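Here is a short report on one protein model. Look over the sequence and the structure first, then read on.

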Amino acid sequence: MKEIIDIYTDGACKGNPGIGGWGALLCHDGKSKELFGGEALTTNNRMELTAVIRALEALKRHCQVRVHTDSTYVQQGISTWIHNWKKRKWRTSDNKLVKNVDLWQQLDELAQKHEIEWLWVRGHSGHDGNERADELANKGVETVIGN
């Protein structure tokens, strides 16, 4: 049986756009690692994507991963929408450049290095991993506000 790493991610934004934060909780074999950060001017969707990117960057080898996110934007984007975006050279069906294309391209590249199951979870519903990721994202906001 392959070892599975569970990753819980979340983004937060005070204003949209505004001060943002991202958080990620990586869990494996009874151990966990917490990551967080923030940006002065960003959007909630950028922070949701950044959380997943930073978590995947923290993996040092090919892994089997379950990414838990409360963002349908991330879950649907990477599971469904990205295939047509790539066929259209990162353009939407109405020929506009995909929003946050820089982050989608990073995520696409990182995702190809692992076996990933993309799971959507309802936010703020008592799911321990998601609640902790939310706390970390808000901690990321505080790193920006505190500076």
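## A buried histidine

His 114 has 10% relative accessibility, so His 114 counts as buried. This is a predicted model. His 114 sits in a loop. That loop runs between α3 (101–111) and β5 (115–120).

What does the side chain of His 114 reach at 3.1 Å? The partner is the backbone nitrogen of Cys 63. His 114 also touches Leu 56, Leu 59, Arg 61, His 62, Cys 63 and Val 65, leaving aside residues up to four places away in sequence.

## The cysteines

Cys 63, a contact of His 114, is itself buried, at 7% relative accessibility. Cys 13 is buried too, with a relative accessible area of 18%. The cut-off for buried is under 20%.

How many disulfides are there? The count comes to zero. Cys 63 is in no disulfide. Its nearest cysteine sulfur belongs to Cys 27 and is 14 Å away. A disulfide needs two cysteine sulfur atoms within 2.5 Å, so this pair does not qualify.

## Helix α1

Helix α1 covers residues 44–57 and has 14 residues. At 1.5 Å a residue, α1 should span 20 Å. The end C-alpha atoms are 20 Å apart, so the span agrees with the expected value.

Which residues of α1 are buried? They are Met 47, Glu 48, Leu 49, Thr 50, Ala 51, Val 52, Ile 53, Ala 55 and Leu 56. Leu 56 is also among the residues that His 114 touches.

Terms used
Residues are numbered from 1 along each chain as its sequence is written. This is a predicted model: local features need pLDDT of at least 70, side-chain atom pairs count only at pLDDT 80 or more; totals for chains, interfaces and linings use all residues. Side-chain values use heavy atoms; hydrogens and water are left out. Buried means under 20% relative accessible area, exposed over 50%, partly exposed in between (1.4 Å probe, protein chains only). Helices (H or I, at least four residues) and strands (E, at least two) are DSSP runs, numbered from the N terminus. A polar contact is a pair of N or O atoms within 3.5 Å; within protein, one must be able to donate a hydrogen and the other to accept it, and residues adjacent in sequence count only if both atoms are side-chain atoms. Contact means heavy atoms within 4.5 Å. The expected span of a helix is 1.5 Å times one less than its number of residues.
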